[in-house]
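Me: I'm new to this one and would like a close look at a single part of it. Could you pick a spot inside and work outwards from there, without rushing?

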Amino acid sequence: MESRVTSEGLASRREALIEQIRAETGIDEPMIARLVDTFYTKVRADPLLGPVFDARISDWEPHLQQMRLFWSSVALMSGVYHGRPMPRHLPLPVDAAHFDRWLELFEQTAREVCPPAAAAHFIERARRIAESLELGIAGANGVLLGKGERYRRAVPAA
């Protein structure tokens, strides 16, 4: 007998997983929106990260909408985000210092706007995302990072 996974079965399992995560963490769409909006307010004002975003984003609302969908997919496994983050990040002029600052602001924001279980859930995923993006950007710039190594952009000679 051949087993087949139906789309209804997958949808049912996804809903059960979302409900389990919500029950364990308290995460819901309004919390995700608060986290994203508060975080990006800080990012925009940050002297290191702000200029990177300002150079690429003129209309923030579409970006925030995409980030809410992204974090819903990441935190709740909702599957509502269908973008490809890596190609968008590869050309950015960022390195380990930027990722460290991004994580610092994200963790600070998560702890401010979320209950502890939700903050821990978001932070654990943010750390994995930052590591993955840093590895991808390093590789796109011809740098193969070993375990524990960080990507540092070459500083142009003065």
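Reply:
**A tryptophan and its surroundings**

Let's start with W71, which is buried, with a relative accessible area of 3%. One thing to keep in mind as we go: this is a predicted model.

What does W71 pair with? Its partner is F106, and the two rings form an aromatic pair. In general, a pair like this is described by the distance of the ring centres and the angle of the planes. For W71 and F106, the centres are 4.8 Å apart and the planes make an angle of 25 degrees. The pair counts as stacked because the planes are under 30 degrees apart. F106 is tucked away as well: it is buried, with a relative accessible area of 1%.

The two partners come from distant parts of the chain, 35 residues apart. W71 sits in helix 4 (residues 60-76), while F106 belongs to helix 6. That fits a wider pattern: among contacts in the protein with a separation of 6 or more, 72% are between residues 24 or more positions apart.

Now step back a little. The structure holds 11 aromatic pairs. W71 and F106 also belong to one aromatic cluster, along with F39, Y40, F53, W60, F70, Y81, W102 and F122.

Several of these rings turn up again where helices meet, so follow F106 along helix 6, starting with helix 2. Helix 2 (residues 29-45) and helix 6 (residues 96-113) have axes 9 Å apart and pack at an angle of about 135 degrees. The two helices are therefore oblique to each other, as an angle over 145 would be needed to call them roughly antiparallel. Helix 2 passes helix 6 in a right-handed crossing. Helix 2 brings R34, L35, T38, F39, Y40, K42 and V43 to the contact, and helix 6 answers with W102, L105, F106, Q108, T109, A110, E112 and V113. Sorted by class, those residues are nine nonpolar, three polar and three charged.

Helix 6 has another neighbour in helix 7 (residues 116-140). Here the axes come within 10 Å and cross at roughly 170 degrees. Helix 6 and helix 7 are therefore roughly antiparallel to each other. This crossing is right-handed too. From helix 6, the contact takes in A96, F99, W102, L103, F106, E107, A110 and R111. From helix 7 come A119, F122, I123, A126, R127, A130, L133, E134 and I137. This contact has 13 nonpolar residues and four charged ones, but no polar residues.

So F106 is in the contact with helix 2, is in the contact with helix 7, and stacks on W71 of helix 4. W102, another member of the aromatic cluster, likewise appears in the contact with helix 2 and in the contact with helix 7.

To place all this in the whole protein: there are seven helices and zero strands, and the order along the sequence reads α-α-α-α-α-α-α. The C-alpha atoms fill a box of roughly 65 × 40 × 30 Å along the principal axes. Of the 158 residues, 39% count as buried, W71 and F106 among them.

Conventions:
Residues are numbered from 1 along each chain as its sequence is written. This is a predicted model: local features need pLDDT of at least 70, side-chain atom pairs count only at pLDDT 80 or more; totals for chains, interfaces and linings use all residues. Side-chain values use heavy atoms; hydrogens and water are left out. Axes are lines fitted to C-alpha atoms, for helices over the stretch in contact, and angles run from 0 to 180 degrees between N-to-C directions. Helices (H or I, at least four residues) and strands (E, at least two) are DSSP runs, numbered from the N terminus. Angles under 35 degrees count as roughly parallel, over 145 as roughly antiparallel, 65 to 115 as roughly perpendicular and the rest as oblique. A crossing is left-handed if the near helix is turned anticlockwise from the far one by less than a right angle, and right-handed if clockwise. Contact means heavy atoms within 4.5 Å. Ala, Val, Leu, Ile, Met, Phe, Trp, Tyr, Cys and Pro count as nonpolar, Asp, Glu, Lys and Arg as charged, and the others, Gly among them, as polar. Rings of Phe, Tyr and Trp (its six-membered ring) pair if their centres lie within 6.5 Å; planes under 30 degrees apart count as stacked, over 60 as edge-to-face and the rest as tilted. Buried means under 20% relative accessible area, exposed over 50%, partly exposed in between (1.4 Å probe, protein chains only).
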